[in-house]
Amino acid sequence: MSKTLYDKIWDDHLVHEDNDGTALLYVDRHLVHEVTSPQAFEGLRIQGRQVRKPKLTLAVPDHNVPTTDRSKGISDKQSKIQVDTLRNNCKEFGINLFDVNDKRQGIVHIIGPEQGFTQPGTVIVCGDSHTATHGAFGSLAFGIGTSEVEHVLATQTLIQKKSKNFRVNVNGRLPTGVTSKDVILKIIGTIGTAGGTGYVIEFAGEVIRNLSVEQRMTICNMTIEAGARAGLIAPDDKTIEYFKDRPMSPKGENWTKAVAHWKKLFSDSDAKFDKEVNIDAKDIEPLVTWGTSPQDVSPITGEVPDPEKEKDKDRRTAMYRSLEYMGLKPKMKISDIKVDKIFIGSCTNGRIEDLRLAAKLLKGKKIASDVSAMVVPGSGLVKKQAEEEGIDKVFKNAGFEWREPGCSMCLGMNEDQLSSKERCASTSNRNFEGRQGRGGRTHLVSPGMAVAAAIKGYLADVREIN
Amino acid sequence: MEKFIKLKSIPAHIPLMNIDTDMIIPKQFLKTIKRTGLGKSLFYEMRYDESGKLIEKFILNNDPYSKSKILLAGKNFGCGSSREHAPWALLDFGIRCVISPSFADIFYNNCFNNGILPIIIDDKSIQELSEYSKRKEEIEVDLNEQEILYGNKKLTFDIEAAKKKRLLEGLDNIGLSLKKIPNIEKFENSMNKTKPWI
């Protein structure tokens with residue numbers, strides 16, 4: 001019988017299935033960070049349970065770490081307790097940890113692939129919704145709650161119900177200035193934040209095939225913003241090339257065996273999808289969000305929508321609430337929105353290719369005088385690579401702050417936050433109320449668009465920056 | 001985990017769609033290493049102003065809703081972050097049942113690990129139940145019968161049998177899965193042969 005990529009990975013990990021379809025799924029790779037794991041380890045201790053396969057888990061602190069000078073340690077008392085707790089738990093249960101001052105430390109979804117811990121065809125989980133990122137390599141990857149983290153630690157399995165199959169085809173060629181961030185914002189804007197609920201989405205089509213693996217990660221990363229369990233992209237030669245010689249990639253004979261397995265990971269040509277959406281690349285422009293839901297997107301050349309034109313009553317109410325929170329008026333031009341801060345980073349856009357693209361546009365220019373801007377590389381290795389290429393100097397010369405790696409202002413658990421009514425062009429993934437700081441106003445953009453906003457001081461069109 | 005069998009309460013209605021987990025419990029409260037104590041911070045930015053004072057017009061700040069055990073909300077409740085702190089905060093506040101036209105996937109699953117019943121019913125039924133919230137009248141949820149009873153009316157809801165059983169009996173998932181260790185070992189042995197690189 002013909003199968004989708006999701007069907008194949010699912011079947012390959014089925015430990016047990018009840019008559020009603022409740023399945024026990026094997027987990028090949030488990031990523032752990034400091035915020036959603038302490039209660040799970042505590043649960044194991046209370047019940048006297050062990051970690052079943054410590055070697056299949058990798059831990060890193062990322063949400064709570066300062067992005068400024070780390071030589072003095074973490075000043076926030078609670079953050080410090082959480083990071084210390086992770087260290088102690090990893091020691092007690094024998095789990096590999098990249099600690100705060102380890103060169104390999106970084107955002108959990110960036111270090112997984114970077115180390116080759118993430119691999120095609122695996123089931124990967126983490127107590128973090130952006131685990132979807134790893135789907136870019138053809139692994140079934142999704143976020144779980146802390147009770148489930150505890151379940152995975154104790155059993156190396158997870159109780160799951162199978163989702164339905166959804167394919168999004170992005171056809172054609174991307175216009176100039178349009179990146180994978182715009183593609184995923186376009187998809188979310190098209191299907192809505194609950195459009196993927198109950199599904200695993202496979203992204204396919206010429207545009208997806210032409211993207212680099214890092215660009216594909218941006219797409220899968222935000223699949224959760226469309227409500228889907230996971231996002232998937234079939235591995236190809238680029239994927240295989242990416243994993244060659246990574247520290248935790250298979251070696252020698254195992255590499256040959258793994259590659260042979262990875263090459264079988266695609267949806268059969270006659271596989272059945274429960275839902276399918278087609279998007280034409282020529283209809284995608286550089287996008288920004290104007291509201292407090294990732295589906296609230298507009299082309300940079302457009303205007304803030306008028307809630308009065310919305311027919312759905314609940315949606316209209318939500319739009320009014322968003323506009324009030326965002327301090328915007330209906331019908332104002334998007335390019336007339338003045339920004340205060342720029343944030344480049346996060347598991348969505350904190351990789352070396354993102355920083356290269358931004359630096360290329362920024363070279364020799366200065367940020368607007370009334371804007372403050374920061375770059376937070378996604379990992380210590382991304383930071384090192386960027387510094388070797390002189391990218392840090394481009395940012396610093398333009399007026400950006402060059403920081404230490406972590407989640408930073410994407411969710412503002414550390415000191416990196418917006419003040420009330422401060423407006424930010426951000427390469428992160430969520431524009432929810434209060435997400436980047438109480439009262440803070442977030443506009444989601446691509447790295448190129450973040451640079452354009454930094455230079456102009458307003459939301460601006462990346463195509464006008466040369 | 002506490003069993004969920006029947007629950008009677010005046011429901012509180014927050015008529016907003018896409019209530020995300022950042023809204024339910026903001027980031028600053030995720031620094032805890034405990035599961036308890038989050039109830040006072042539930043819906044923090046809607047409940048307290050910037051000086052920490054209660055915002056009077058917010059429903060959960062007013063009696064009898066400050067004691068509501070049932071929450072009515074708009075569609076796509078619990079979207080965004082996977083933080084289980086969201087159901088922990090609801091539970092700690094006293095809410096054990098959330099009724100919405102739809103839920104985000106991770107939040108929905110997290111509820112069942114904490115003895116919270118998420119019920120999916122259509123928008124029109126939510127509006128009907130909302131009248132009971134306004135009139136400060138109790139409604140009753142009966143999980144075994146899969147019914148919501150209000151006035152002299154009732155409506156039924158769907159729930160997966162396995163999830164229903166877990167709530168009714170307050171079962172520990174890990175304990176249940178550990179009974180399947182022989183299956184897990186068999187799987188691992190076979191995987192070691194077919195995929196030795198894992």
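In this predicted model, helix α5 (residues 123–134) of chain B lies across the strands β6 (139–142), β7 and β8 of chain B, running at about 40° to β7(B); axes here are lines fitted to C-alpha atoms, for helices over the stretch in contact, and angles run from 0 to 180 degrees between N-to-C directions. Helices (H or I, at least four residues) and strands (E, at least two) are DSSP runs, numbered from the N terminus. Local features need pLDDT of at least 70, and side-chain atom pairs count only at pLDDT 80 or more, while totals for chains, interfaces and linings use all residues.

The strands beneath discussion belong to an open sheet of four strands in chain B, with the order β1-β6-β7-β8 and antiparallel pairing, where two strands pair if DSSP finds at least two bridges between them. Because β1 (6–9) and β8 (153–156) of chain B stand at the edges with a single partner strand each, one side of each is left without a neighbour in the sheet. Four bridges join β7 (residues 147–150) of chain B to β8(B), and B:Leu149 has B:Lys154 of β8(B) as its bridge partner.

Turning to the other chain, 56 residues of chain B are in contact (heavy atoms within 4.5 Å) with 77 residues of chain A. Between chain B and chain A there are nine salt bridges, each a side-chain nitrogen of Lys or Arg within 4 Å of a carboxyl oxygen of Asp or Glu. In one salt bridge, the side chains of A:Glu150 and B:Arg35 meet at 3.4 Å, N to O. On the side of chain B that touches chain A, α8(B) gives the most, with seven residues.

Methods: Residues are numbered from 1 along each chain as its sequence is written. Chains are lettered from A and ligands numbered from 1 in the order in which they are written. Side-chain values use heavy atoms; hydrogens and water are left out.
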